[in-house]
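Student: I should like to learn how the features of a model of this kind are read. May we take them one at a time?

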Amino acid sequence: MPELPEVETIRRQLSEHLAGRTITSTRVLDPLLVDPEDPADFARRLTGRALREIRRTGKYLFIELDDGEALALHLRMTGQLLWTPGEPDEPTPYARAVLGFDDGSMVTFADPRRFGRAWFLPAGRAARSRAWGRRTGVDAMSPGFTARSLGASLERRTAAIKALILDQRIVAGVGNIYADEALFRARIHPRRPGGSLTQAEVRRLHRAIRDRLRMGISVGGASFDRYRDAHGGRGGMQDLFLVHRRQGEPCPRCRTIIEKGVVAQRGTYWCPRCQPLEAEVQGEADVEAQGEAEVKVQAAC
DNA sequence: ATTTTCCCCTGCCGGC
DNA sequence: TGCCGGCAGGGGAAAA
């Protein structure tokens with residue numbers, strides 16, 4: 001469920017509370033959470049350790065420990081990390097693990113679908129990159145993610161552009177929501193072959209990905225369903241969706257009815273007029289007109 | 001190497 | 001009301 005903006009929101013909140021804290025207790029309630037070790041060993045290695053900082057790459061959180069080791073977390077579809085100043089008033093539904101800290105505060109990993117995972121990472125960059133370098137590419141909000149690097153990754157690829165920007169090795173952090181929203185902003189049909197994008201389209205897409213993710217972060221993520229931040233609060237991005245989950249409604253830019261289909265095995269939403277399947281040769285005048293229309297849409301919101 | 005399919009889990013919603 | 005199929009913001013393994 002949580003994509004880059006949701007994970008970043010949680011990271012910031014947990015950082016506020018946990019910087020410099022020490023883990024005083026570790027309870028693993030669901031052994032499936034811990035991969036690949038046994039829960040008792042996992043708990044033993046964490047308990048008593050001081051936290052340095054909490055980092056994020058793509059949708060992974062890395063809680064750095066005092067000696068260079070780290071706790072890695074991935075929330076997958078329905079995972080939540082809930083911070084409470086003390087013991088929760090009532091048992092947290094679907095709790096899978098609970099960390100206690102030296103100030104009495106706690107963090108509960110709750111997750112009804114149980115897809116989320118936690119890993120204890122050994123110290124050392126080599127070990128770290130062995131485990132993660134293959135799977136996760138450049139973070140979408142880092143300076144290393146550029147239009148040029150994106151274009152290089154798309155060259156000669158035949159898969160749908162949406163499948164490619166969902167590939168965490170190409171760009172880390174984009175999920176189903178922000179993929180739809182970014183492709184709409186860039187006026188690119190989600191089924192276009194990645195290698196068919198023009199340079200201008202790649203630049204638009206890069207800019208659109210950054211733009212939508214930044215907006216998602218600024219409003220605390222999208223909470224149309226289960227996502228909650230570390231305080232149990234909701235984000236506001238669901239009210240700013242342009243096409244995602246809006247099939248049958250008018251496109252905010254041209255009023256054509258938004259369509260829904262399946263691309264890359266995921267529910268996908270797009271405007272059939274603004275996002276044509278054929279690469280579009282459009283003049284500067286059209287681009288300007290589009291910019292103005294978007295300004296109006298923003299103002300309406 | 002790349003692309004596609006299947007699978008992991010549980011909850012929820014709409015249709016019959 | 002109750003059952004059933006389909007779908008859900010994730011990603012990894014295996015197959016094509």
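Tutor: Certainly. Please bear in mind that this is a predicted model. Let us start with DNA strand B: the residues of the surface near DNA strand B comprise four nonpolar, two polar and three charged.

Student: Which residues are around DNA strand B?

Tutor: They are Pro112, Arg113, Arg114, Phe115, Arg157, Thr158, Ala159, Ala163 and Gln265.

Student: How many residues surround DNA strand C, and which are the closest?

Tutor: DNA strand C is surrounded by 22 residues, of which Gly175, Asn176, Asp225, Tyr227 and Gly267 are the closest. Two or more residues of this surface come from each of helix 6 (176–185) and strand 10 (266–270). By class, the surface near DNA strand C has eight nonpolar, six polar and eight charged residues.

Student: I turn now to the division of the chain. Which domains does chain A have?

Tutor: Chain A is divided into domain 1, residues 4–132, and domain 2, residues 147–300. In the contact between them, 16 residues of domain 1 meet 19 residues of domain 2. On the side of domain 1 that touches domain 2, helix 1 and strand 5 (80–84) each supply at least two residues. The largest share of that side, eight residues, belongs to helix 1. The classes on this side of domain 1 are seven nonpolar, six polar and three charged residues.

Student: How is the size of an interface often given?

Tutor: It is often given as the accessible area lost when the parts come together. For the present case I have quoted residues in contact, 16 from domain 1 and 19 from domain 2.

Student: Let us proceed to the sheets. What is the strand order in the open sheet that contains strand 2?

Tutor: This open sheet has four strands in the order 2-3-4-8, with antiparallel pairing. Strand 2 (51–57) and strand 8 (117–121) are at the edges with a single partner strand each, so one side of each has no neighbour in the sheet. From one strand to the next, the twist averages 20°.

Student: How many bridges join strand 2 to strand 3, and which residues stand opposite each other?

Tutor: Strand 2 is joined to strand 3 (residues 60–65) by five bridges, and the two run antiparallel. Thr57 stands opposite Tyr60, and Leu51 has Leu65 as its bridge partner. The hairpin of strand 2 and strand 3 has two residues between the strands, and Gly58 there takes a positive phi near 60°.

Student: What is found on the side of strand 4?

Tutor: Strand 3 and strand 4 (residues 70–74) also pair in the antiparallel sense, over five bridges. Tyr60 has His74 as its bridge partner in strand 4. In the hairpin of strand 3 and strand 4, with four residues between the strands, Gly68 has a positive phi near 95°.

Student: Where do the side chains point in a regular strand?

Tutor: They alternate between the two faces of the sheet.

Student: In what order do the strands of the open sheet with strand 1 lie?

Tutor: The order is 1-6-7-5, and the pairing of these four strands is antiparallel. Strand 1 (23–28) and strand 5 stand at the edges and have a single partner strand each, so one side of each lacks a neighbour in the sheet. Strand 1 is joined to strand 6 (residues 95–101) by five bridges, and Thr26 stands opposite Leu99.

Student: Across which strands does helix 1 lie?

Tutor: Helix 1 (residues 4–18) lies across strand 2 and strand 3, running at about 175° to strand 2. Helix 1 also lies across strand 5, strand 6 and strand 7 (106–110), at about 30° to strand 5.

Definitions and conventions: Residues are numbered from 1 along each chain as its sequence is written. Chains are lettered from A and ligands numbered from 1 in the order in which they are written. This is a predicted model: local features need pLDDT of at least 70, side-chain atom pairs count only at pLDDT 80 or more; totals for chains, interfaces and linings use all residues. A residue is near a molecule or strand if its C-beta atom, placed from the backbone, lies within 6 Å of it. Ala, Val, Leu, Ile, Met, Phe, Trp, Tyr, Cys and Pro count as nonpolar, Asp, Glu, Lys and Arg as charged, and the others, Gly among them, as polar. Two strands pair if DSSP finds at least two bridges between them. Axes are lines fitted to C-alpha atoms, for helices over the stretch in contact, and angles run from 0 to 180 degrees between N-to-C directions. Two residues are in contact if their C-beta atoms, placed from the backbone, lie within 7 Å. Domain bounds come from an automatic or database domain assignment.
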